[in-house]
Amino acid sequence: GIPGYAGESVEGDNAYAGATDSYLTFPTNESGALTTEEFSATLWYKLNADPTRGSILVMGPEDVDNVGDPDVFKLNVGNGDGESWFDGGDAAALDPTTTEWVHLAFTISGTECVVYFDGEIVSQGDFTGVDWTGCDILSIGSGAPRFTEWGHGFDLSFIDELRLYNKALSQQEIQDIRQAGL
């Protein structure tokens, strides 16, 4: 596809703008920097309420056995023997009528996963460690090409200041990153 620029951003001139049947991919296995024991991501997100929106970030092997709700920011992490869901429920639901940017973040460590909305914890739980087997690409703005089972082919929303970390950020670090973008 042909993703573009939003014409607005939280920082800088232009955020990423998703487009129909479009997404970005980034290799994860070339440097090993994305497949570490600890991992975090932060980003600004402006929802496009089109009901065909899809996954924001996906780094996983193909999964054809799961079905879910695309309206809530959730983290699904595999440990090699199974998967764990970190779902903030109503606290992590994006109002489809909002026109504001929201700061999203998540952290993965060897002992827990945490999901944040605007610097506040919306889901947190114990975790035994991530297994990156088969995770050789990161998709941005879609579940495709690896995770298409929920119809997550593209996201028309805007993404700005996406940052990936090879450590589990603290809540204070996430709040500082968010504040820097305001």
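Read along the sequence, the chain follows the pattern β-β-β-β-β-β-β-β-β-β-β-β-α, and its secondary structure therefore amounts to 12 strands and one helix, as assigned from DSSP runs. The model described here is a predicted one. Of the 182 residues in the chain, 45% are buried, while the accessible surface comes to about 8900 Å², with 47% of that area belonging to carbon and sulfur atoms. Among the contacts with a separation of 6 or more, 69% are accounted for by residues that stand 24 or more positions apart.

Aromatic residues provide examples of such pairings between separate parts of the sequence. The count of aromatic pairs in the chain comes to three. In one of them, the ring centres of Phe39 and Phe106 lie 6.0 Å apart and the ring planes meet at 35°, so the pair is classed as tilted. Because Phe39 belongs to strand β4 (residues 39–46) and Phe106 to strand β8 (residues 102–108), this pair ties together parts that are 67 residues apart in sequence. Phe39 has a relative accessibility of 4% and counts as buried, and Phe106, at 9% relative accessibility, also counts as buried.

A further aromatic pair is formed by Trp101 and Phe158, which is likewise tilted, with 6.3 Å from centre to centre and 40° between the planes. Trp101 is placed in the loop between β7 (83–87) and β8, whereas Phe158 is placed in strand β12 (residues 158–165), so that this pair ties together parts that are 57 residues apart in sequence. Both Trp101 and Phe158 are buried. In addition, one aromatic cluster is formed by Phe39, Phe106 and Trp132.

Trp101 also takes part in the surroundings of Ser9, a residue found in the loop between β1 (4–5) and β2 (16–17). Ser9 has a relative accessibility of 19% and, because buried means under 20%, counts as buried. The side chain of Ser9 reaches the backbone oxygen of Glu11 at 2.8 Å, and a polar atom of the same side chain lies 2.8 Å from the backbone oxygen of Gly12. When neighbours within four places in sequence are left aside, Ser9 is in contact with Asn14, Ala15, Trp101 and Asp160.

Cysteine residues were examined as well. A disulfide is a covalent bond that joins the sulfur atoms of two cysteines. The count of disulfides in the model comes to zero. Cys113 is buried, with a relative accessibility of 0%, and Cys135 is buried too, with a relative accessible area of 7%.

Terms used
Residues numbered from 1 in each chain as written. Predicted model: local features only at pLDDT ≥ 70, side-chain atom pairs only at ≥ 80, totals over all residues. Heavy atoms only, no water. Helix = DSSP H or I, 4+ residues; strand = E, 2+ residues; numbered from the N terminus. Buried < 20%, exposed > 50% of the residue type's maximum accessible area, 1.4 Å probe, protein only. Contact = heavy atoms within 4.5 Å. Areas by Shrake-Rupley, 256 points an atom, 1.4 Å probe, with all protein chains shown as cover. Polar contact = N/O pair within 3.5 Å; in protein donor to acceptor, adjacent residues only side chain to side chain. Disulfide = S-S within 2.5 Å. Phe/Tyr/Trp six-rings, centres within 6.5 Å; stacked < 30°, edge-to-face > 60°.
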